Amino acid sequence: MIYTVTVNPALDYVLQLEKVNRGEVNRTNNDSFLAGGKGINVSQILNQLDVDNTAWGFVGGFTGKELVRQLNQKRIVSDFVTISDNTRVNVKIHAEKETEINAAGPAITDQEITAFKDRLNDLKKGDIVVMSGSLTPSLPTDFYQSLLPTIKEAGAEFVVDTTGQALLDTLEYKPLVIKPNHHELADLFGVTFDSSDVMLEYAQKLLDKGAQNVMVSMAGEGGFLLTQDHVYHAKGAVGTAVNSVGAGDSMIAGFVGTYYKTQDPKEGFRIGMACGAATAFTKDIAVKSQIDAVLPQIKVEQIS
């Protein structure tokens, strides 16, 4: 089983109107509530790839009930811890410019944290836990890292989609894959890259520090995969990028879901690149037909 973790999911309240007049009453042309969260995005792609998965995290109040209802409609299996506070609502205003107002998130008690950590007792060898998205203010900053010893003791694999020192702190536990983009990779080491060769030298450092696989995404320019044995490159798919939200989640989901079924990181990279591009080319998380349409463009070349 693959478990996706979204500790701070949200109902996104999407408002569409032609123009926002500050200080005045504005009326929308359309509005909707959509279940959001990086781990939830991963679950959506895994479903499209026909990979069994369960969404974990925290939900509460009437907003939490609506979020779960929407996941049920999408046939996303979930096993959230129910909390006493309300799941947050993020406001997305689509007018002349897109404006987002993201809530910090609910308060989570020590008892609720313990209930979540009890979920880890169900892990078995071969399971994969994908943790992504922001933490609520009431969770400790090392919350994800605190779960890693238990995950590894169960013989399971993990992925933490994070950046900076938080990413480096996971490497001693040997994450299945990490996915910095080329800007995040440069920031990790405080350098700039003047060539792909230099970039790959620094990506190799992440392997040396413990990562099992490293994907470096470069948006429309494609990406690289470094495994323990080889380095691969794939050019970016051709299309019009209309959405950056969820593309990285989709890439991770494609890799993890495919690796779970095949144990082949190269094929995981190919499918991951297709999933990321397909989501970038649509206004929502991609569906299978969109992934299949992009897939023939993704050619993976071994370069070392």
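Mentor: Let's start with a term: contact means heavy atoms within 4.5 Å. Keep in mind that we are looking at a predicted model.

Trainee: Happy to. Which residues does I298 touch, leaving out those up to four places away in sequence?

Mentor: With those neighbours left out, I298 is in contact with A234, K235, A237, R270, M273 and A274.

Trainee: And how should I read a nonpolar core?

Mentor: In soluble globular proteins, nonpolar side chains tend to be buried together. Here the largest nonpolar core has 36 residues, and I298 is among the members that touch the most others, along with I45, V130, F255, V256, F269 and I291.

Trainee: Which helices and strands each supply at least two residues of this core?

Mentor: They are the helices α1 (38-48), α8 (247-262), α9 (265-280) and α10 (288-294), plus the strands β8 (128-132) and β12 (231-234). The largest share, seven residues, comes from α9. Another core, of 23 residues, lies apart from this one; W56, I113, L147 and F158 are among its members.

Trainee: Now the sheet. What is the order of the strands in the open sheet of four?

Mentor: Generally, strands of a sheet pair through backbone hydrogen bonds, either parallel or antiparallel. In this sheet the order is β10-β11-β12-β13, and the pairing is antiparallel. At the edges, β10 (214-217) and β13 (300-302) each pair on one side only. Ignoring direction, neighbouring strands are turned by 20° against each other on average.

Trainee: How many bridges join β12 to β13?

Mentor: Three bridges join them. H233, for instance, has E301 in β13 as its bridge partner.

Trainee: Which helix lies across β10, β11 and β12?

Mentor: That is α7 (residues 196-208), which runs at about 40° to β11 (223-226).

How values were computed. Residues are numbered from 1 along each chain as its sequence is written. This is a predicted model: local features need pLDDT of at least 70, side-chain atom pairs count only at pLDDT 80 or more; totals for chains, interfaces and linings use all residues. Side-chain values use heavy atoms; hydrogens and water are left out. A nonpolar core is a set of buried Ala, Val, Leu, Ile, Met, Phe, Trp, Tyr and Cys residues joined through side-chain atoms within 4.5 Å. Buried means under 20% relative accessible area, exposed over 50%, partly exposed in between (1.4 Å probe, protein chains only). Two strands pair if DSSP finds at least two bridges between them. Axes are lines fitted to C-alpha atoms, for helices over the stretch in contact, and angles run from 0 to 180 degrees between N-to-C directions.
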